[in-house]
Amino acid sequence: MNGMMRGRLGLMMFLEYFIWGGWYVTFTTWLSHTLHFSGTEAGVAAGATTIGAMVSPFFVGLIADRFFATQKLLAALHIVGGVVLYLASRQTGFTPLYSLVLLYCLCYMPTMALTNSLAFRQMTDPQTQFGPIRVMGTAGWIVAGLAIGYMKIAETEMPMQIAAACSVLMGFYCLTLPHTPPLRHAEGQTGLASVFPLEAVKLLGERSMAVFAIASFLICIPLQFYYAFTNQFLTEAGVTNATGKMTGGQISELLCMLLIPWFFRRWGVKYMLVAGMLAWVLRYALFAFGDPGPRMWMLWLGIVLHGICYDFFFVTGQIYIDRKARPELRAAAQGLITFLTYGAGMFVGSWISGTVVEHYSASSSVHDWRSIWLVPAVGAAGILVLFLITFTDRSKGAARDTEFATKTLSS
């Protein structure tokens with residue numbers, strides 16, 4: 001793959017995640033402070049992405065892989081999605097806004113898998129070439145956060161409108177990408193088994209995989225508190241440029257990826273996952289007791305713990321699945337876990353987080369954040385203890401673990 005292709009794919013990833021980071025981080029802040037939605041309404045609206053995540057594997061597996069060239073499908077989804085997102089930004093009532101945001105998420109969430117698929121198809125050595133291209137997506141998210149923070153528009157509809165314009169731009173850009181026809185014929189296997197083959201589901205019959213899957217689902221319930229309400233919390237606490245400061249989490253994510261192979265050699269899968277869960281407990285405790293004054297360091301530490309929170313749990317989990325599943329089942333197994341975590345787990349979390357925020361709400365812009373953050377802290381701590389007691393990874397070989405860690409981080 002030549003340098004020109006790397007640049008084109010890198011720009012694709014940059015735009016893909018600039019769009020998501022551009023509107024989602026400040027979404028509940030706008031809903032609560034400007035539109036005065038309740039905590040429950042804000043949480044449910046933020047959870048629209050989880051429904052998109054649950055639908056995405058079926059969309060990609062049953063439609064995208066069989067009938068349409070990837071670049072054309074990406075173009076259509078982003079252009080339609082951009083129009084829908086703009087229309088959503090013009091709404092002030094919960095029902096029309098939620099309906100449009102849900103429709104947008106059904107357009108956007110499949111594009112993450114599709115951009116990965118398109119990129120892989122152009123590569124001669126995905127294990128070494130995908131990492132530097134995918135990191136441009138994280139850069140896009142960071143730039144979006146810094147730009148919105150600099151413009152001080154977090155409490156307005158402008159982030160959604162900027163993301164909508166970028167989505168339309170992304171759609172037309174996708175038409176310039178290399179032709180990537182579907183690999184599977186339409187007359188092939190259809191139905192649920194083509195998305196989650198029975199053999200992949202049977203992996204959950206193994207005790208360690210079952211415990212991992214259940215823990216992954218459960219931990220994503222308290223996780224949604226962070227994704228949906230951190231920007232609103234920091235804004236209400238009086239933190240200046242909260243959106244810009246939150247990009248510190250993505251920067252730490254990049255740095256922590258470099259440390260995963262080193263920790264794998266010393267801790268192994270179980271204690272890497274434990275460290276990731278523990279980081280979520282610590283993050284919520286820091287948020288509960290921090291403030292923008294003398295204890296601002298606690299808020300900063302809670303933000304930069306994102307690298308450990310995300311990488312040590314989600315990336316390590318991807319490595320664990322990659323090791324446990326046979327090569328022909330790895331994609332399906334990853335899709336199944338994604339469905340349980342980013343889909344079902346965070347969907348439940350969006351309802352629970354919204355209800356908790358509403359319960360500790362004096363008004364749409366005044367909340368008892370200490371009590372709110374202690375709820376996911378206690379929940380994550382309970383899940384951590386159960387996982388620590390019940391999970392056993394019987395596989396041996398630190399060198400093999402490191403090989404899988406390096407493979408996953410580069411691909």
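A residue is termed buried when its relative accessible area is under 20%, exposed when it is over 50%, and partly exposed in between. The structure described here is a predicted model. In this model, Cys 107 has a relative accessible area of 10% and is therefore buried. Cys 220 is likewise buried, at a relative accessible area of 0%.

The cysteines were next examined for bonding. A disulfide requires two cysteine sulfur atoms within 2.5 Å. The closest cysteine sulfur to that of Cys 107 belongs to Cys 105 and lies 9.2 Å away, which means that the distance is too far for a bond. Across the whole structure, zero disulfides were found.

Cys 105 also appears in the surroundings of Thr 49, a residue of helix α4, which spans residues 48-67. With residues up to four places away in sequence left out, Thr 49 touches Trp 20, Trp 23, Tyr 24, Cys 105 and Met 109. The relative accessible area of Thr 49 is 6%, so this residue is classed as buried. Thr 49 and Leu 102 are 53 residues apart in sequence, yet their C-alpha atoms are 7.2 Å apart in space.

Another pair separated along the chain involves Ala 237, which is placed in helix α11 (residues 207-237). The C-alpha atom of Ala 237 is 9.8 Å from that of Gly 293, although 56 residues separate the two along the chain. Ala 237 has a relative accessible area of 27% and is therefore partly exposed.

Backbone angles were considered for two loop residues. His 36 has a positive phi of about 60° although it is not a glycine. The loop that holds His 36 runs between α2 (27-33) and α3 (39-46). His 36 counts as exposed because its relative accessibility is 54%. Asn 241, also a residue other than glycine, has a positive phi near 50°. Asn 241 is located in the loop between α11 and α12, and its relative accessible area of 36% makes it partly exposed.

Asn 241 also belongs to the lining of the second largest pocket, where Gly 149, Lys 152, Ala 154, Asn 241 and Ala 242 lie nearest the centre. This pocket holds about 200 Å³ of space, and 13 residues line it. Helices α7 (126-151), α11 and α12 (242-289) each supply at least two residues of the lining. By chemical class, the lining of the second largest pocket consists of five nonpolar, six polar and two charged residues.

Definitions and conventions:
Residues are numbered from 1 along each chain as its sequence is written. This is a predicted model: local features need pLDDT of at least 70, side-chain atom pairs count only at pLDDT 80 or more; totals for chains, interfaces and linings use all residues. Side-chain values use heavy atoms; hydrogens and water are left out. Helices (H or I, at least four residues) and strands (E, at least two) are DSSP runs, numbered from the N terminus. Buried means under 20% relative accessible area, exposed over 50%, partly exposed in between (1.4 Å probe, protein chains only). On a 1 Å grid over the protein atoms alone, a cavity is a set of points where a 1.4 Å probe fits but cannot get out, and a pocket is an open set with protein on both sides within 12 Å along at least five of seven lines; lining residues have an atom within 4 Å of a point. Grid points are joined across faces, edges and corners, and a volume is the space filled by probe spheres set on the points. Ala, Val, Leu, Ile, Met, Phe, Trp, Tyr, Cys and Pro count as nonpolar, Asp, Glu, Lys and Arg as charged, and the others, Gly among them, as polar. Contact means heavy atoms within 4.5 Å.
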